[in-house]
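Please open the model in your viewer and keep the selection tool at hand. The stops below are meant to be taken one after another, with a pause at each to look around.

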Amino acid sequence: MKERILKNIAAIQTAGKSTAELYNEISSAVMREISFTAPAPDQKSAYYLSIEFLIGRMFYNNLLELGILDEVRDILKEKGVNAAVFEEIEDAALGNGGLGRLAACFVDSAAGLDLPVYGRGIRYKYGLFKQKFENGFQEELPDDWQSFGDPWGVRRENEARIVKFADAEVRAVPYDIPIIGKNRINTLRLYQAEGSEGAEKISEYLYPADDTEEGKLLRLRQEYFLSAASVGELVDAYVAVHGTDFSAFPAFNAVQLNDTHPVLAIAEFIRILTGSYGVPFAKAVRLAGKTFGYTNHTILPEALECWPQEYLKKLLPEIYAVLKKLDERQRREFRRKAVLEEDAAAMRIAKNGIFSMANTAVYVAHRVNGVAKIHSAILKDSLFRAAYLYTPEKFVNVTNGITQRRWLMLCNEELSALIDSKIGTGWRGDIGLLSEMKKFRKEDTVLAEFAQIKSKKKEQLAEYVYRKEGIRLLPDAIVYAQVKRLHEYKRQLMTAFAILEIYEKLKSGELAGFKPTVFLFGAKSAPAYFRAKGIIKFINEIAKKIAGDESVNKKLQVVFVTDYNVSYAEKIVAGADVSLQVSTAGLEASGTGNMKFMMNGAVTCGTMDGANIEIVEQAGRENNYIFGAEVDEIDSLRRNGYDPNAILAQDGAARRAIETLVDGTFDDGGRGYFRELYDSLTVGASWHKPDHYFILRDLPDYVEKLLLINREAGTHEFTQKQFANAVSSAYFSSDRSIREYAENIWEL
Ligand SMILES: *Cc1c(COP(=O)(O)O)cnc(C)c1O
């Protein structure tokens, strides 16, 4: 196959063709030769249902997975084409952040491990919006990712199916994307909505605005569309081979629900079995239980899907009937088992006419997993405490992971080559072998090469930032990066205040020997998230002020990159020295950005939250910079009272940093963003107590750690720390995560 692909590519005429034309021709030359691996008829398959797949750019990754990236580069070079031009091709950004990127890493690992695991999602016409800054304010533009063509997607017209709503019938047309592993090519199947009466609206946008009833109904339609298309397909395929005795369905199918968005799949499965095949309700529920697993990704209440019964009745009356029956069954069961009222209330599928998708999944599924050890523990202790009490056997942990193919081999060829030269190439097929690199921890020549690679990746990052933003990063600076969705719990605002404190100290001459430092931010705010947009503007204002201050601008720089996405992340994780992972303890379920940085040899400056805890376990706490309140302390502050104003009264530096929101230092163009942020910290806003995310509790420790890093950076010891992180990262491969899912949940 490889030879034929290379021959096809060698035959392509390149003269006079645009990048997009060449991209399509080369990609098609690959697609012509590859064939999807069909699942064996007697084998169990797993299906990963996710509302997001944040795939990123497919071109280089697919060539890498096929083992022909270097050859293709050479062929193109002979034709006078630099393969780097394909960096112009837009990412397929059919996701918003970690959740969608996890799904993409998982299908990659499954193919790599030769496992029959298939993704199911939605082929949005527009992915996550493209971000621009206009005078420091975020603006959103539609992301027309198909404008370059979609040579990797294969439309399967004859496998289209109908999804029925009370008021419409919608065609779900599958597009299959190859997920290439060494020994098999799996499909990621994305469904596109077509038909009359605005059917295509269903797959038009990822997360349409849901501040109106119409918007909420559209999201419900999307979730059902994904669920019904996927479940319908699986049931039809089963019936075609095994007939209508569904007893063996779970022996052939495992379905993983990536968060609460696809939970309606459970109801759809029961609806079809009971409605179309006469399976008794209780048996259908039992079969659903054996088939479905549910992954929880957050304990933030606003992200746990709930549907009012009016919406369900209006759009999906049969699904409503199934959920209602499930709820009645649960109520009977609770009475029979004399479940305490308090526990029952916590587990109810329906409460006051609102259906909880999380509780539905926990009630039916045979496995419920969190995504890092601490997060799984929190699920048992608080969010699903009652369910854990009655069904402890359902609860497992699978710590997230990232694919080392994209996040090391592709984004850091130099570091990968160093590893090859020291331990051979075996680690490329078996990431566990990466740990063999640990024996070079104290070898100066290896450390020197490692440090050189970091500098080189930093230069490449600087070039990329210059190309994208027109900004020159300070040369040879320490790069601290905080790149992730913009959300208050991730506390980009705390980093902003820390920078202001450092800025003030620099100006007052307190920081002799301060080494040039760049703070790099990348983040999109949800379009309707007022405070997040305020934080973006605030950081951009700080960046501008520092850039314009001749007394510090050779030492300190703040850059907020525009349109952070997977391709940007590939550059940033390879070039950064310090990974800022500073969420309020207990609120970041796992994080995966933290793992990408670690794998590329950045130290973590962060709180004991999510997978940071396991990063420290693997790489050593002494090799990272951990600070701030831990989960127990945050819990006790929440319970026993927390007074940020008392801290402000004591801590002059923090107070001055926070006052800049309202004292005229910075300008939000009269939009009220900064006042709102200030109030949220000092008096509380929108039902939250002041400083809901405990920024002032952790800020002094944070500043101290940032300055400690500044003192240590560039030393031999610091390089050792960075190296220790990179070579201890094998555990965070999504290959390990997928093995755990396959063994403990899917039983493949
Ligand atoms: C990995 C990744 C994320 C997740 O980052 P976290 O720090 O874990 O929130 C978000 N967006 C992109 C583009 C990513 O590559």
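Rings of Phe, Tyr and Trp, the last by its six-membered ring, are treated here as a pair if their centres lie within 6.5 Å. With that in mind, and remembering throughout that this is a predicted model, begin by selecting Tyr-238, Phe-246, Phe-249, Phe-269, Tyr-277 and Phe-292, which ring pairs link into a cluster.

Stay with one member of this cluster, Phe-292, which you will find in strand β12, the run of residues 292-295. Is Phe-292 buried or exposed? Its relative accessible area is 1%, so Phe-292 is buried. If you now add Ile-266 to the selection, you can see a residue that is 26 positions away from Phe-292 along the chain, while the C-alpha atoms of the two are separated by 7.4 Å.

Next, select Asp-259, which lies in the loop between β11 (253-258) and α8 (264-277). Although this residue is not a glycine, its phi is positive, at about 75 degrees. Asp-259 counts as buried because its relative accessibility is 5%.

A second residue with a positive phi waits further along the chain: Phe-694, again not a glycine, has a value of about 60 degrees. Look for Phe-694 in the loop between α27 and α28, the latter spanning residues 695-712. With a relative accessible area of 3%, Phe-694 is buried.

Now return to the aromatic rings. How many aromatic pairs does the structure hold? There are 33 aromatic pairs in the structure, and two of them are worth a separate selection.

For one, select Phe-133 and Phe-560, whose ring centres are 5.3 Å apart and whose planes stand at 80 degrees, so the pair is edge-to-face; the cut-off behind that word is an angle over 60 degrees. This pair links distant parts of the chain, since Phe-133 belongs to strand β5 (residues 127-134) and Phe-560 to strand β20 (residues 556-561), with their positions 427 residues apart. Phe-560 has a relative accessibility of 6% and therefore counts as buried.

For the other, select Phe-530 and Tyr-673, an aromatic pair that is tilted, with 4.6 Å from centre to centre and 40 degrees between the planes. Here too distant parts of the chain are linked, with Phe-530 in helix α20 (residues 530-547) and Tyr-673 in helix α27 (residues 673-682), 143 residues apart. Show the surface around them: Phe-530 counts as partly exposed because its relative accessibility is 37%, whereas Tyr-673, with a relative accessible area of 9%, is buried.

The last two stops are on the surface. Select Leu-340, Leu-389 and Tyr-390, which form a nonpolar patch there and together have about 310 Å² of accessible area. Within this patch, Tyr-390 is located in helix α15, residues 385-390, and its relative accessible area of 35% is why Tyr-390 is described as partly exposed.

Finally, select Lys-325, Arg-332, Arg-335 and Arg-336, the residues that form a positive surface patch. One of them, Arg-335, is found in helix α11, which runs over residues 317-336. Arg-335 has a relative accessibility of 61% and so counts as exposed, the cut-off for that word being over 50%.

Notes:
Residues are numbered from 1 along each chain as its sequence is written. This is a predicted model: local features need pLDDT of at least 70, side-chain atom pairs count only at pLDDT 80 or more; totals for chains, interfaces and linings use all residues. Side-chain values use heavy atoms; hydrogens and water are left out. Patches are made of residues with over 30% relative accessible area and no salt bridge: like charges are joined within 9 Å, nonpolar side chains (Val, Leu, Ile, Met, Phe, Trp, Tyr) within 5 Å. Accessible areas come from the Shrake-Rupley method with a 1.4 Å probe; for residues, only the protein chains shown count as cover. A salt bridge is a side-chain nitrogen of Lys or Arg within 4 Å of a carboxyl oxygen of Asp or Glu. Lys and Arg count as positive and Asp and Glu as negative; His and the chain ends are not counted. The place of a charge is taken as NZ of Lys, CZ of Arg, CG of Asp or CD of Glu. Helices (H or I, at least four residues) and strands (E, at least two) are DSSP runs, numbered from the N terminus. Buried means under 20% relative accessible area, exposed over 50%, partly exposed in between (1.4 Å probe, protein chains only). Rings of Phe, Tyr and Trp (its six-membered ring) pair if their centres lie within 6.5 Å; planes under 30 degrees apart count as stacked, over 60 as edge-to-face and the rest as tilted.
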